[in-house]
Amino acid sequence: MQLIDLAERSAITPSETLPNDTKFQLSAQQRQLNADLASLRQASRESIFEVRATKQDTAEARQEVDRLHLQLQNLYYEERHLRGEISACESYDHQYQQLPLIPVEDFLHVEPEHTDSDEKSLMFARINHELAEREVLEQQRQELLRRKQVLIAENKKRKDDLASLDKDLETFIDAAKPIQTLFEKQY
């Protein structure tokens with residue numbers, strides 16, 4: 001501040017009226033003032049450049065933080081979505097759960113090798129057991145259907161035989177009527 005006041009006074013006061021010693025002192029102070037102003041301007045420029053660099057670094061760091069935050073939000077969204085999908089899959093009413101399987105105790109009595117199995121492999125084994133039982137029952141059903149068809153064919157044949165026997169019997173009766181009338185006559 002003093003240097004600025006001194007510079008202002010020197011600009012106001014004519015330099016010819018001052019003594020040489022004061023002029024020299026004033027010149028030295030003016031040079032010092034210019035040097036200080038130059039160094040102050042240099043420091044100001046450097047601080048402005050540092051501020052710009054800091055702002056640039058801050059903007060880059062903010063962009064990186066924003067990018068990472070967005071990535072984190074995307075991961076949270078994906079996690080919520082996957083949890084929803086998992087929940088939907090877990091609550092899905094599977095067809096195998098509606099199968100009329102034999103109770104676990106009865107199954108373990110029939111198949112004791114599955115006693116130490118976990119729930120998933122036990123369910124798989126019960127389903128396979130049910131499949132095997134149903135295949136056996138289906139084979140029995142097919143065999144019974146074949147037997148039924150054979151019996152139906154035999155019954156039809158016998159009905160046809162009885163019907164033809166009925167016709168033969170009627171023709172026999174018709175043919176025997178003259179003999180019967182002959183026996184009915186009394187002699």
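## A salt bridge in α4: R141 and E138

R141 and E138 sit three residues apart in helix α4, about one turn of the helix from each other. Their side chains form a salt bridge, and the closest N and O atoms are 2.8 Å apart. Keep in mind while you look at it that this is a predicted model.

How open is this pair to solvent? R141 comes out at 43% relative accessibility, so it counts as partly exposed. E138 has 33%, which also makes it partly exposed. The spacing along the helix fits a general rule, too: an α-helix has 3.6 residues a turn, so residues three or four places apart point the same way.

## Two more bridges along the helices

Back up a little in α4 and you'll find E130 and R134, whose side chains meet in a salt bridge at 2.9 Å, N to O. These two are four residues apart in helix α4 (residues 119-184), which means about one helical turn separates E130 from R134. Are the partners buried or exposed? E130 is buried, because its relative accessibility is 12% and the cut-off for buried is under 20%. R134, on the other hand, is partly exposed, with a relative accessible area of 38%.

Over in helix α2 (residues 20-91), E64 and R67 are three residues apart, again about one turn of the helix. Their salt bridge has its closest N and O atoms 2.4 Å apart. E64 is partly exposed at 34% relative accessibility, and R67 is partly exposed as well, at 42%. A search of the whole structure turns up six salt bridges, so the ones described here are just part of that set.

## The chain as a whole

Zoom out and the secondary structure is easy to describe: four helices and zero strands. Read from the N terminus, the elements go α-α-α-α.

How much of the chain is buried? Of its 187 residues, 6% are buried. The accessible surface of the chain adds up to about 16800 Å², and carbon and sulfur atoms account for 57% of that. As for contacts between residues at least 6 apart in sequence, 42% of them join residues at least 24 apart.

## Helix α4, end to end

α4 is built from 66 residues. From its first C-alpha to its last it reaches 90 Å, close to the 98 Å expected at 1.5 Å a residue. Where does the helix bend? There's a kink of about 40 degrees at K177 in α4, shortly before the proline P178.

I173 also belongs to α4. Together with L169 and F172, I173 makes a nonpolar surface patch of about 310 Å². I173 itself has 42% relative accessibility, so it counts as partly exposed.

## Where α4 meets α3

Which residues of α4 are buried? They are L122, A125, R126, H129 and E130. What do they pack against? The buried residues of α4 pack against α3 (104-110). E130 is on that list, and it's the salt-bridge partner of R134 mentioned above.

H129 is worth a click in the viewer. It lies in helix α4 and counts as buried because its relative accessibility is 12%. Leaving aside residues up to four places away in sequence, H129 touches I102, F107, V110 and E111.

Methods
Residues are numbered from 1 along each chain as its sequence is written. This is a predicted model: local features need pLDDT of at least 70, side-chain atom pairs count only at pLDDT 80 or more; totals for chains, interfaces and linings use all residues. Side-chain values use heavy atoms; hydrogens and water are left out. A salt bridge is a side-chain nitrogen of Lys or Arg within 4 Å of a carboxyl oxygen of Asp or Glu. Buried means under 20% relative accessible area, exposed over 50%, partly exposed in between (1.4 Å probe, protein chains only). Contact means heavy atoms within 4.5 Å. Accessible areas come from the Shrake-Rupley method with a 1.4 Å probe; for residues, only the protein chains shown count as cover. Patches are made of residues with over 30% relative accessible area and no salt bridge: like charges are joined within 9 Å, nonpolar side chains (Val, Leu, Ile, Met, Phe, Trp, Tyr) within 5 Å. The expected span of a helix is 1.5 Å times one less than its number of residues. The bend at a residue is the angle between axes fitted to the seven residues ending there and the seven starting there.
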